[in-house]
Amino acid sequence: QSTWGIIITRRVNLAFKEERKYNVNDLINITKRLRAPNGCPWDREQTHRSIRQNFIEEVYEAAEAIDKEDNELLKEELGDVLLQVVFHACLAKEEGAFCFDDVVDGICKKLIVRHPHVFLKTKVSSSKEAVSYT
């Protein structure tokens, strides 16, 4: 086990252990833990509005990584953007508005509707025609 995992485990007694590779469900659970009563005071105080600027900044940083053609930086910045999405979905779930799965469901449905040439029998002959469905 790495030093990072030992420090984290000893300091906060997480029910998580350091994994070789985490997935989106781990991110959701970590975010829930941060927002829990025994979690992080700063994270618990946040609202959609209080972290709005953070979201914007993370998107700009991802765009900058794209401009730099730096894949390692892009991977890191996309993670920061994903955290913002998960965090906002966690806030919304606490409010009874929607959850992360609802966000995923919505975007999947939107993509299917906007791409009948892929998911239905509709035919297109160009990218211009394909874009006309959006």
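Here are four short exercises on this predicted model, each with a worked solution.

Residues are numbered from 1 along each chain as its sequence is written. Local features need pLDDT of at least 70 and side-chain atom pairs count only at pLDDT 80 or more, while totals for chains, interfaces and linings use all residues; side-chain values use heavy atoms, with hydrogens and water left out.

**Exercise 1. The chain as a whole**

Find how many helices and strands the chain has, and what share of its residues is buried.

Solution. Start with the secondary structure: there are eight helices and zero strands. Helices (H or I, at least four residues) and strands (E, at least two) are DSSP runs, numbered from the N terminus. Read from the N terminus, the elements run α-α-α-α-α-α-α-α. Next, take burial: 19% of the 134 residues count as buried. Buried means under 20% relative accessible area, exposed over 50%, and partly exposed in between (1.4 Å probe, protein chains only).

**Exercise 2. Helix α2 and its partners**

Describe the span of α2, its cap, its buried residues and how it packs with α5.

Solution. Begin with the span. Helix α2 covers residues 24-35, and its 12 residues reach 17 Å from the first C-alpha to the last, close to the expected 16 Å. The expected span is 1.5 Å times one less than the number of residues.

Then look at the N-terminal end of α2, where Asn 23 is the cap: one of its side-chain oxygens lies 2.8 Å from the backbone nitrogen of Asn 25.

Now turn to the buried residues, Asp 26, Ile 28, Thr 31 and Arg 35. The buried residues of α2 pack against α3 (41-45), α5 (71-95) and α6 (100-114).

Finally, compare directions. α2 and α5 pack at about 55°, with axes 10 Å apart. Axes are lines fitted to C-alpha atoms, for helices over the stretch in contact, and angles run from 0 to 180 degrees between N-to-C directions. The two helices, α2 and α5, are therefore oblique to each other. Angles under 35 degrees count as roughly parallel, over 145 as roughly antiparallel, 65 to 115 as roughly perpendicular and the rest as oblique. The residues making this contact (heavy atoms within 4.5 Å) include Leu 27 and Lys 32 of α2 and Val 86 and Phe 87 of α5.

**Exercise 3. Helices α4 and α5**

Work out how α4 and α5 are oriented, and locate Arg 52.

Solution. First, the angle between α4 and α5 is about 160°, and their axes are 8 Å apart. α4 and α5 are therefore roughly antiparallel to each other. Among the residues in contact are Phe 55, Val 59 and Ile 66 of α4, and Leu 74, Leu 78 and Val 85 of α5.

Arg 52 belongs to α4 and is partly exposed, at 47% relative accessibility. Its C-alpha is 8.9 Å from that of Gln 84, although the two residues are 32 apart along the chain.

**Exercise 4. Two loop residues**

Decide whether Gln 46 and Glu 69 are buried or exposed.

Solution. Take Gln 46, in the loop between α3 and α4 (52-68). Gln 46 counts as buried because its relative accessibility is 9%. Its side chain makes a polar contact of 2.8 Å with that of Ser 50. A polar contact is a pair of N or O atoms within 3.5 Å; within protein, one must be able to donate a hydrogen and the other to accept it, and residues adjacent in sequence count only if both atoms are side-chain atoms.

Glu 69 sits in the loop between α4 and α5. Glu 69 is exposed, because its relative accessible area is 71%.
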